[in-house]
Amino acid sequence: MLLLALESSCDETAVAILSGEPGQPARILASEIASQIELHRQYGGVVPEVASRNHSLHLRPLVEQALAHAGVNMRQIDAFAATSGPGLASSLLIGATAAKAMAAAAGKPFIAANHLEGHLLSPFVDTGIVPPHLGLIVSGGHTLLLDVEAPGAYRKLGSTRDDAAGEAFDKVAKMLGLPYPGGPEIERTAHDGRCDAFSFPRSMMKEPGFDFSFSGLKTAVLYTLSERNPETGTPLPDDLADLCASFQEAVIEVLVVKTIRAAKHSGRRLIALSGGVSLNKTLRAAFEKACHREGITLALATPGLCTDNAAMIGFAGLLRAFAGESSPLDGDIDPNLTLAAR
Ligand code: ATP
Ligand code: FE
Ligand code: MG
């Protein structure tokens, strides 16, 4: 089956073409991304109006580019998928409407995909098989622990009560005067720092349950900054690496401890990490070490599938299509779509 997928939930316009058969590795024939990061950087975050306008500008040329890279024509596509939520309403509408129009014109099925399901299943694109596991999504908007029985059978174990892990990286980076998005900047800066230089809080580590909280950590960094330099709060250059390393370590330790605990609780012997924060090399290494110690297998998405992309949406779409599912053309987008409810 050949599937064309669109992703436009936030600030990346993405188009992918996948070829797949049930139980086989999915082949990514094309995965195109028009990133708007540079555009939004001047505002320090994503501006919804700017994002949706750019989705409509980039989508059509990107579809043509994807078809050319994949070496297929529109008539060969068997199904069309698009992210229907969660995300920014005005951004979601562009991709979802375009995919429905293409599906209607071609007389082929349309599949509304859940962006979080795209992230969640992204570590399994290479094998095409999703075994029962414990999934941790760590992205810009979510920190979500899910017990996964099979594609579509999810049970939420915990999530963040305030900021998402990626959001904490972005907000702390902003405080430190580092550009958006903050995650990669903090990782780079932390490289030369000591992770035990500052003792930042590990929120909710001792509490039962699997929820997270990162806003206290963010405030702790802010206090440290204002103590250091009451006038401007700007860190001294030789402090910056230590601050980044100590902050990063605090986030990672909580994520590792709670995820391992959740895996033991649910009896899962496989942990899968997804979302933009899972690109972080220190985080990957910490999970590898902890999983090795516990005899748990770790599945990581390839780097190109961690931040927003359409290939992960395509894979989620393929699995739905294999199950005989499709979505009505008059279905709506849902900016607040959740995952475990299904
Ligand atoms: P959601 O999927 O929840 O709607 P999103 O799509 O914006 O959010 P992603 O694109 O998966 O999130 O990831 C972006 C986030 O990942 C940003 O917060 C970014 O700072 C963070 N991030 C990217 N690379 C790294 C890194 N190397 N270390 C830490 N965080 C990172
Ligand atoms: Fe995302
Ligand atoms: Mg993003």
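## Strand β6 and the nonpolar core

H133 sits across from V148 in strand β7. This is a predicted model, where local features need pLDDT of at least 70, side-chain atom pairs count only at pLDDT 80 or more, and totals for chains, interfaces and linings use all residues. Residues are numbered from 1 along each chain as its sequence is written, while chains are lettered from A and ligands numbered from 1 in the order in which they are written.

Let's start with the strands (DSSP runs of E, at least two residues, numbered from the N terminus; helices are runs of H or I, at least four). Strands pair if DSSP finds at least two bridges between them. Here are the partners of β6:

| Partner of β6 | Sense | Bridges |
|---|---|---|
| β7 (residues 143–150) | antiparallel | 6 |
| β9 (residues 270–274) | parallel | 4 |

With β7, β6 makes a hairpin that has 4 residues in between. On the β9 side, L136 stands opposite L273.

Is β6 enclosed or open? 6 of the 6 residues in β6 (residues 133–138) are buried, so the rest of the structure largely encloses this strand. Buried means that 20 or more other C-beta atoms, placed from the backbone, lie within 10 Å of a residue's own. H133, G135 and I137 point one way, and L134, L136 and V138 the other.

Now for the largest nonpolar core (buried Ala, Val, Leu, Ile, Met, Phe, Trp, Tyr and Cys residues joined through C-beta atoms within 7 Å). This core has 103 residues, and L18 and F247 are among those touching the most other members. Helix α8 (residues 237–266) gives the largest share, 11 residues. Domain 1 (2–122 + 308–322) and domain 2 (133–301) both contribute, so the core lies between them; the domain bounds come from an automatic or database assignment.

Notes. A residue is buried if 20 or more other C-beta atoms lie within 10 Å of its own, exposed if 12 or fewer, and partly exposed in between; C-beta atoms are placed from the backbone.
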